[in-house]
Amino acid sequence: MTDLSDIRREYAKGGLRRADLPQNPMDLFELWMTQARDAELSDPTAMCVATVDEQGQPFQRIVLLKRFDDTGFVFFTNLGSRKAQQIAANNKISLHFPWHPLERQVSVLGEAQALSTAEVLKYFLTRPKDSQIAAWVSQQSSKLSARQVLEGKFFEMKAKFAKGDVPLPSFWGAI
Ligand SMILES: Cc1cc2nc3c(=O)[nH]c(=O)nc-3n(C[C@H](O)[C@H](O)[C@H](O)COP(=O)(O)O)c2cc1C
């Protein structure tokens, strides 16, 4: 067994005092997100989303948080993906922000629900054109025979949508 027990450091950035906790935990999240951005952490919006399959087996993957407010946290994904399918069967999920360079982490428990197409479209239109095209190409959670297949599909779609706007794929959404 590989022994990593000699990897350790002091965690001395200071603790969390009950007196410093705001009434609404989202206010603290907002402050900590601002601090994570100010600290120039790489990917401060990256969070692990845990879902479970029919056997109750959890699986986690990174997604990017795109919005949050008192009603919840929003990320965008392929609606045919494993995560979307697992959420459709069991919408209990957990989010985790690993802000360990700041000696912090945030865990969120809750129930996922899909955003309306109108809300998804609003965000989709703000994405760079290549990201819009990538949404068409990425069949998440399925096996690829070769990387070139994916790249080939991307360039095929790029040519197809060279002129005009890229439409919102029906299989792309937000949770
Ligand atoms: C830094 C990073 C950011 C990612 N952001 C997203 C995202 O915002 N939405 C998404 O669907 N997948 C994102 N992914 C890919 C997911 O981690 C995952 O591989 C993919 O969504 C398929 O997951 P699933 O098969 O469990 O559904 C990201 C991966 C990395 C490494």
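This dialogue walks through a nonpolar core, an annotated domain and a ligand shell.

Trainee: What kind of model is this?
Mentor: The model is predicted: local features need pLDDT of at least 70, side-chain atom pairs count only at pLDDT 80 or more, and totals for chains, interfaces and linings use all residues. Residues are numbered from 1 along each chain as its sequence is written.

Trainee: Which residues make up the largest nonpolar core?
Mentor: Such a core is a set of buried Ala, Val, Leu, Ile, Met, Phe, Trp, Tyr and Cys residues joined through C-beta atoms within 7 Å. Buried means 20 or more other C-beta atoms within 10 Å of the residue's own, with C-beta atoms placed from the backbone. Here the largest core has 12 residues: M47, V49, F73, F75, F76, I87, I93, L95, F97, A112, A174 and I175.

Trainee: Which elements give two or more residues to this core?
Mentor: Strands are DSSP runs of E, at least two residues; helices are runs of H or I, at least four; both are numbered from the N terminus. The elements are β1 (46-52) and β6 (92-97). β6 gives the most, three residues.

Trainee: Which residues surround the ligand most closely?
Mentor: A residue counts as near if its C-beta atom, placed from the backbone, lies within 6 Å of the molecule. Of the 16 residues around the ligand, T77, S81, R82, K83 and S141 come nearest. β2 gives the most to this shell, with five residues.

Trainee: What does UniProt list for residues 33-158?
Mentor: An unreviewed entry lists "domain: Pyridoxamine 5'-phosphate oxidase N-terminal" there. Over that stretch the chain is 34% helix and 28% strand.

Methods
UniProt positions are given in the numbering used here, feature names are shortened, and annotations may be inferred rather than shown by experiment.
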